[in-house]
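User: I'm new to this one and would like to go through it slowly. Could you put it up, and then I'll ask as I look?

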Amino acid sequence: LLPRAIESVLAQTAIEQCDVVVVDDGSTDATPAAAARYAERIIYIRRPNGGLAVARNTAIRAHPNEFVAFLDDDDLWEPEKIQRQLAALQHWPKAALVAGRTVDCYPDGRQTLHPIPPVPLDRPAAFAQRMIEGTFLPPSSVMVRGRALFAAGLFHPRLRWAEDYLLFTRMACRAPCIFLDAVVTRYFVATPGALSNNAAAMQVHQLRGRYLLRRELRLRPDCRESWERGLARSLTDLRDLAYRQGRFTAAARWGLCSLLHRPCGRARWEWARFFEAA
C-alpha cells in the first residue's frame with residue numbers, strides 16, 4: 001500500500017511546497033524496498049517499532065515545518081488537498097487546523113461520504129465542543145499549523161489508538177478550526193492489518209484519551225457537558241462491544257461505570273442490560 005499512498009502525495013498540485021517524510025516504524029516486510037523506489041523524492045526514516053504516535057512525532061521533530069499534514073499508508077489524498085488546505089490556513093492565520101470531507105472506501109467497492117456533525121463549513125469556527133464529544137476527523141484529512149501542534153504537545157506517546165483524537169481536540173480547545181466542504185481524502189475501511197481493525201483495544205484507548213482531555217476543561221469549562229456525554233458514550237460503546245462478544249463480566253463492569261457516571265436520564269433498557277450481563 002505504501003507506493004499508492006506516496007504516489008497520491010507526489011501527485012499533489014502543490015507538491016513543490018512539500019517535504020514528504022516517510023516513517024518506517026520497525027516494519028518486518030518489504031517496506032524499505034518499497035520506499036527505496038522514491039529515494040530521491042522522499043525523506044525516509046526507519047526507527048524501532050514504537051507505535052503510531054511515536055512515529056508521527058519522529059517525523060515532526062526531524063523536519064519541523066510551518067504546516068504539517070498526515071497520511072496513513074492505506075489512505076489516499078485527492079490531488080488538490082494540500083493546495084486547498086494551505087490556502088485556508090494562510091487566509092485565516094488564527095486557525096490551528098483545517099480538515100475536509102473524506103470518502104470512506106469499503107472492500108466491496110462501496111464509497112460513502114464520511115459522516116460529520118453539523119459544523120460550519122469553509123470558515124473558522126469553534127470545534128471544541130463537537131470534538132470533545134466525539135471524533136469525526138480522520139487524521140489523513142487534516143493539516144495543522146506547526147506552532148499550534150507543538151503548543152498542544154504533539155501526539156501522546158502512550159496512546160496507540162485515539163492519539164489523533166486527543167491532539168486535534170486539544171488544538172481545537174485553543175484555537176478555531178476550519179472544515180472544507182470539499183473531498184480531500186479517501187479513507188479505506190477495514191484494510192487488512194490496519195490498526196483500526198482491533199475494535200476493543202481502539203475503544204479502550206479512546207476512553208483513555210477522553211480521560212486525558214479532562215485537563216482541557218480548565219481552559220474550556222464550557223465544554224464540560226460535552227466531555228461528560230462523550231465519556232458516557234465511550235463507556236457504553238465498550239459495554240455493548242463486550243456484550244456482543246459474550247464477555248459479560250467486562251460488559252457489566254463498563255455498564256456500571258457508565259451508569260454511575262451519568263445515572264440520570266438513562267433508558268430503562270440500559271439498566272436491564274447491566275443487570276442481565278451481571
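User: What do the buried residues of α11 pack against?

Analyst: In this model, which is a predicted one, the buried residues of α11 pack against two other helices, α9 (224-244) and α10 (248-261).

User: And which residues of α11 are the buried ones?

Analyst: Helix α11 covers residues 268-277, and its buried residues are Glu270, Phe274 and Ala277. Seen down the axis of α11, these buried residues fall within an arc of 70°, so they line one face of the helix.

User: Which exposed residues sit on the face turned away from that buried side?

Analyst: That face of α11 carries Arg268, Phe275 and Glu276, which are exposed.

User: Switching to the aromatics: how many aromatic pairs are there?

Analyst: The structure holds seven aromatic pairs. One of them joins Phe70 and Phe155, whose ring centres are 5.3 Å apart and whose planes stand at 80°; because planes over 60 degrees apart count as edge-to-face, the pair is edge-to-face.

User: Where in the chain do Phe70 and Phe155 lie?

Analyst: Phe70 lies in the loop between β3 (67-69) and β4 (76-77), while Phe155 lies in the loop between α6 (146-151) and α7 (163-174), so the pair ties together parts that are 85 residues apart in sequence.

User: Are those two buried or exposed?

Analyst: Phe70 is buried, with a relative accessible area of 6%, and Phe155 is buried as well, with a relative accessible area of 1%. Ring pairs also link Phe70 and Phe155 with Phe168 into a cluster.

User: What about Phe127 and Phe136, how is that pair arranged?

Analyst: The pair of Phe127 and Phe136 is tilted, with 6.2 Å from centre to centre and 40° between the planes. Phe127 and Phe136 are both buried.

User: Now Arg56, which helix is that in, and what does it touch?

Analyst: Arg56 lies in helix α3 (residues 52-62), and, leaving out residues up to four places away in sequence, Arg56 touches Phe70, Asp72, Pro139, Phe155, Glu163 and Asp164. Both rings of the edge-to-face pair, Phe70 and Phe155, are therefore among the contacts of Arg56.

User: How far apart are the C-alpha atoms of Arg56 and Phe70?

Analyst: They are separated by 8.2 Å, with the two residues 14 residues apart along the chain. Arg56 is itself buried, with a relative accessible area of 10%.

User: Last one: which rings do Arg4 and Arg110 lie over?

Analyst: Arg4 lies over the face of Phe188, at 4.1 Å from the ring centre, and Arg110 lies over the face of Tyr106, at 4.1 Å from the ring centre.

Terms used. Residues are numbered from 1 along each chain as its sequence is written. This is a predicted model: local features need pLDDT of at least 70, side-chain atom pairs count only at pLDDT 80 or more; totals for chains, interfaces and linings use all residues. Side-chain values use heavy atoms; hydrogens and water are left out. Rings of Phe, Tyr and Trp (its six-membered ring) pair if their centres lie within 6.5 Å; planes under 30 degrees apart count as stacked, over 60 as edge-to-face and the rest as tilted. Helices (H or I, at least four residues) and strands (E, at least two) are DSSP runs, numbered from the N terminus. Buried means under 20% relative accessible area, exposed over 50%, partly exposed in between (1.4 Å probe, protein chains only). A charge sits over a ring if NZ of Lys or CZ of Arg is within 6 Å of the ring centre and within 35 degrees of the ring normal. The arc is that of the directions from the helix axis to the C-beta atoms. Contact means heavy atoms within 4.5 Å.
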